[in-house]
Amino acid sequence: MKKVISSIAVVTLLGISAHATQLYTKCAACHGEKGEKVSLGKSLMIKDMSKEAFVSAMNGYKDGSYGREMKAMMKAQVLPLSDAQIEEIAAYIAKK
């Protein structure tokens, strides 16, 4: 029974990771595959952000309370994401 539960846990974690990778794909074009790029020379490196800071920034883009020059572009990218999807991306890319 322990092996079954362990296998289910691994499959679940792999599924979450694969989904987070898929969600992050549109971000990678500007921010790099590991969040290592300063997007268009104007953003922070998201790999250096804490999970909390990342989530706060994404929610700020959604409600218009965060961002500078790229505010409108980022709002369009973040608006379709649910809170759960933002959390998933944060867990995938942000500093642990």
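User: What classes of residue make up the lining of the largest pocket?

Analyst: This is a predicted model, by the way. In it, the lining has 16 nonpolar, five polar and four charged residues. The pocket holds about 500 Å³ of space, and of its 25 lining residues the closest to the centre are His31, Ser43, Met58, Tyr61 and Met74.

User: Which helices supply at least two residues each to that lining?

Analyst: α1 (2-31), α2 and α3 (71-78) each do.

User: Why are α2 and α3 called roughly perpendicular to each other?

Analyst: Their packing angle is about 100 degrees. Angles of 65 to 115 count as roughly perpendicular, so the label fits. The axes of α2 and α3 are 8 Å apart, and the contact joins Met58, Tyr61 and Lys62 of α2 to Lys71, Met74, Lys75 and Val78 of α3. By class, that contact has four nonpolar, no polar and three charged residues.

User: What makes α2 oblique to α4?

Analyst: Helix α2 (residues 51-63) and helix α4 (residues 83-93) pack at about 140 degrees, with axes 9 Å apart. Roughly antiparallel needs an angle over 145, and roughly perpendicular stops at 115, so this one counts as oblique. As for handedness, α2 passes α4 in a right-handed crossing.

User: How do you know that α2 meets α4, and which residues are involved?

Analyst: Contact means heavy atoms within 4.5 Å. On the α2 side, Lys51, Phe54, Val55, Met58, Asn59 and Lys62 meet Asp83, Ile86, Glu87, Ile89, Ala90, Ala91 and Ile93 in α4. By class, this contact has eight nonpolar, one polar and four charged residues.

Note on methods:
Residues numbered from 1 in each chain as written. Predicted model: local features only at pLDDT ≥ 70, side-chain atom pairs only at ≥ 80, totals over all residues. Heavy atoms only, no water. Axes fitted to C-alpha atoms, helices over the stretch in contact; angles between N-to-C directions. Helix = DSSP H or I, 4+ residues; strand = E, 2+ residues; numbered from the N terminus. Left-handed = near helix turned anticlockwise from the far one by under 90°. Nonpolar A, V, L, I, M, F, W, Y, C, P; charged D, E, K, R; others polar. 1 Å grid on protein atoms, 1.4 Å probe; cavity = no way out; pocket = protein on both sides within 12 Å on 5 of 7 lines; lining within 4 Å. Points joined across faces, edges and corners; volume = space filled by probe spheres on them.
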